[in-house]
Amino acid sequence: MAGPDLASLSSLFSRDTLRFVLRRIRERLWVKPLFIGIVSVFAVFLAKLSDQLQESDLLPVITTESVQSLLSVMAASMLPIAMFAVASMVSAYSSASNTATPRSFPLVISDDVSQNALSAFIGAFIFSVVALTASKNQYFEGNGRFTLFSLTLLVLAFVIFTFVRWVDRIARLGRLGTTVDQAERATAAVMRRRRDAPTLGGVLLPPNSQPAGDAVFADEVGYVQRIDMEALQAFAKRVGGTVVINALPGAFALPGRALAFYTSDPALQEPVDPAALLHAFRIGGDRLFDDDPRFGLVVLAEIAGRALSPAVNDPGTAIDIVGTLARLFVLWNTPGEKAKDAPRFDRVHVPALDVAEMFNDAFTPIARDGAGSVEVGVRLQKAFFALGLCGDDAMRAAALHHARLALARAEQALALPEDVQVLRDLAAFALQSAPSAAANAGLPR
C-alpha cells in the first residue's frame, strides 16, 4: 500500500500538475483580490508592531488627523475605481467573445495586468477601511502612526502606478488584434512544450499500430483536458505491464470510447482495478490550451472564419491569421531541446500528434470560408509554399494536399477567370515537390 500512496503524492505535487492548477487559478477573478485583501489586513496590524520599538527623535511626528484624512480619501475613491475596473473588464470580455470567438475567453480573463489592477484597487480599499477604523479607535501610537502613514503612501503610489499601467492595457484588452496575439502566445507555448516532449515523456507508439490489452472506457462525456503520466506509470508498474494511450488531450471522450489499453503480468495474484488508470484522465466540458496544441489552431481558425463571414467581411484579419498559423507551424518544425536518452515513463506508450490533422484544424476552415476571396487564396498558397520548404516530409505532404484543396475550392467559388489563374500560378509553385532556388525567386510577391 505504501507504493501507491507515495506515487499518488508524487503525482499530486508534480511540476505538470502544479502548472495545470496554477493556470486554473489564474482563470478565477476572485483569487488575487482575496489574497491581496488578506495581505492588506495584515499590513495594518503590522504597523502596530512598530509601537513596540523605542520611539526615535529622528522620526517625524505624524498626527492622527493627517493619517485619517489620507485614509478617508483613499477609502472613498478606491471602491468606485474598483467598480469601474470590473465594468471595463466585463466589457472587454464581451468584446473578445463577440469579435473573436468565445473559445478565447479563458485567455482574456487570465490577463495578469487586469487582475493585478483589480486586486490593487480592492486591496487598497480594504486597507484604508481597516486602517481608518483602527486609527479612529486610537489603536496606534507614535511609531505606529508613522508606519501606517508610510504604508499608506506606498499603497497610494502603487495604486497610481497600477492604474496608469492598467489604463494602457484595458484600451487593448478584448480587441481583436490583442486576442489574436494572446491566442498565438498560448498556442506557441504549448507547441514548444509538446515539440520538446512529443510523447509527453512516454514511449512513442508506432503509427497505425493496433493497441493490445484491456480497454478502459470513459465514464463521462467531455474533452480530455489533461493526462497524468506519473499516475499511468505508477499503475503500469503496479500491475507489471504497460499502458497505451488512445485519447490525447483535446480528444472527445464518451462512454463508448477507449481512453487507454493496459496489459498486466499474468503472474499477478491480485485483481487489477482500472479505476486508477481512469482517474489519470481529467475530462471536462471545454478544451484547454494547456496540453492541446490543436485547440489553439482551432481557435485561430475560428477567429479567421468569423472575420470572413458576410456579416463581418474582414479578409485582412484572415490574412493575418494565415501568417500567424505559418509561424506556428515553422515553430513546430524547429528543432527543440534534445530528448533524454530514456523516456521518463517507459511503461506508457503515447501516439504522436498527426501533422495532417493539425493542418486540417488550422487551414480547412479558412480555405472553405475564404474560397471566394482571392486575397485570402493568395496568402494561403504562399503559406503552403513556405511550409512545404520546411524540410519535414509530413509537413510537406500536408502543405501540398491543402494547396490542392484550397485551389479546388477557389475554382468553384471565384467567378473571374483572371483571379482563378492567379491562384493556379501560385499553386504551381506550392505543388512542386522539390522547389528550386529559381522557382523560389520567381514566386510572385
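In this predicted model, Y223 stands opposite G284, a residue of strand β7. That match belongs to a wider pairing: β3 (residues 222–227) and β7 (residues 281–284) run in the antiparallel sense and share four bridges. β3 also pairs with strand β5 (residues 252–253), again in the antiparallel sense, this time over two bridges. Here G222 has A253 of β5 as its bridge partner. As for solvent, β3 is mostly covered, with five of its six residues buried.

Next comes helix α13, which takes in residues 355–369. Does its length fit its residue count, and what span should be expected? With 15 residues at 1.5 Å a residue, α13 should span 21 Å, and its end C-alpha atoms are 22 Å apart, so the two figures agree. The helix does have a kink, though: it bends by about 40 degrees at F363, shortly before the proline P365. At the start of α13, D354 gets involved through its side chain, one oxygen of which comes to within 3.1 Å of the backbone nitrogen of A356.

Much of the interest in α13 lies in what is hidden. Its buried residues are V355, M358, F359, D361, A362, F363, T364, P365, I366 and A367. The cover over these buried residues includes α8 (176–196), α11 (293–307), α12 (315–333), α14 (374–388) and α15 (393–413).

Turning to the aromatic rings, the count of pairs comes to twelve. One of them joins F84 and W166 edge-to-face, with 5.8 Å from centre to centre and 85 degrees between the planes. Because F84 sits in helix α4 (residues 64–99) and W166 in helix α7 (residues 142–170), this pair ties together parts that are 82 residues apart in sequence. Which of the partners is buried and which is partly exposed? W166 is buried, at a relative accessible area of 0%, while F84 is partly exposed, at 44%. The two also belong to a cluster, in which ring pairs link F84, F121, F163 and W166.

Another ring pair leads back to α13. F359 and F363 have ring centres 5.3 Å apart and planes at 50 degrees, so this pair counts as tilted. These two residues are four apart in helix α13, which means about one helical turn separates them. In general, an α-helix has 3.6 residues a turn, so residues three or four places apart point the same way. Both F359 and F363 are buried, and F363 is also where the kink in α13 lies.

Definitions and conventions. Residues numbered from 1 in each chain as written. Predicted model: local features only at pLDDT ≥ 70, side-chain atom pairs only at ≥ 80, totals over all residues. Heavy atoms only, no water. Expected span 1.5 Å × (residues − 1). Bend = angle between axes of the 7 residues up to and from the residue. Buried < 20%, exposed > 50% of the residue type's maximum accessible area, 1.4 Å probe, protein only. Contact = heavy atoms within 4.5 Å. Polar contact = N/O pair within 3.5 Å; in protein donor to acceptor, adjacent residues only side chain to side chain. Pairing = 2+ DSSP bridges. Phe/Tyr/Trp six-rings, centres within 6.5 Å; stacked < 30°, edge-to-face > 60°.
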